[in-house]
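Colleague: I should be grateful for a close look at the salt bridges in this model. Which residues form them, and where do they lie?

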Amino acid sequence: MELIDKIVLPQSAQHMILLKYILVLTFLLFIPYTSVLFGSFILSIFFKNKFKKNSDVIYKNLSIELIDLVTFSKGIAFTLGVIPLLSSAFCYAQLLHLSGLIVPETILISTLLFLIALISIYSYKHSLHLKNIIELNADKKSNESEKDVQEYNYRINRVIKTSSYSGLIFLIISTYLFVSSVEFTQDSEKWGYANNIFGIIFSLNALIGYLQFILFSLIFISTFLLVKHGKIVNNADSYKNYIKNYSLKLGLTSTVLLPVLVILSIFTKSKLS
């Protein structure tokens, strides 16, 4: 907290208004990007596991396409993910100065975990592509190199498994810390007795808010896939047909569930107040 206090600037009415605008801007950058990243990463892992069970090439291609949606540039990940998180931590440090709340520190921890998650996600992406290249060229290999190919596959599978699990865990923890911190700033009644990491994360409002975030992620990613593959010229294109049908089901289900959580959130907040 001492380090954050040192970078806090003198406050004024205009300064506070400007900080609120900056905070809204960071949300507009961070939430859509992270929602698509979260949804595409989870679904990519889901279809990767389905391919291992069913060996249907549709699942493999969809898994690769999903992880490629928002990981095409590390600069974009840093600009739309890391920088908005740092900006929101700074804004909350300014807005909540002298309140004693640990929200800025919690968001900084979220930023660090988000960086680790990004490293794992990009490792997962590159490993998937490398494995796909090896499988495509497997038929061209001589019999003498079969052991080498198997060894490469074994190592790549280990990297894919490790990076997928670590990326998912760190991404979930990071985004949950962010959502729970934002929810905590809106519940001033808890500021006096729940100003600790456990008070922030173990909250009904935080849980409901995070479930809303997950549904937003699924709605974002299903909408993106529908826009990209919704127009089917050839009905025999099984890949696009599968994506369209799956995206419709996923998007409709998430859209139906989201208002329920919104109403539940309003009810719990009004009841607590």
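Modeller: The following account concerns the salt bridges and the residues that form them. This is a predicted model, in which local features need pLDDT of at least 70 and side-chain atom pairs count only at pLDDT 80 or more, while totals for chains, interfaces and linings use all residues. Residues are numbered from 1 along each chain as its sequence is written, and side-chain values use heavy atoms, with hydrogens and water left out.

Side chains of opposite charge can pair when their charged atoms come close. A salt bridge is counted where a side-chain nitrogen of Lys or Arg lies within 4 Å of a carboxyl oxygen of Asp or Glu; the count by this rule is 2.

One of them joins Glu-65 to Lys-228, with 3.2 Å between the closest N and O atoms. Glu-65 belongs to helix 3 (residues 57-68) and Lys-228 to helix 8, so this pair ties together parts that are 163 residues apart in sequence. Helices here are DSSP runs (H or I, at least four residues), numbered from the N terminus. Glu-65 is buried at 12% relative accessibility, whereas Lys-228, at 46%, is partly exposed. Buried means under 20% relative accessible area, exposed over 50%, and partly exposed in between (1.4 Å probe, protein chains only).

Lys-125 and Asp-68 also form a salt bridge, their closest N and O atoms being 3.9 Å apart. Lys-125 is in helix 5 (residues 103-136) and Asp-68 in helix 3, so the pair links parts that are 57 residues apart in sequence. Lys-125 is buried, with a relative accessible area of 11%, while Asp-68 is partly exposed at 26%.

How values were computed:
Helix = DSSP H or I, 4+ residues; strand = E, 2+ residues; numbered from the N terminus.
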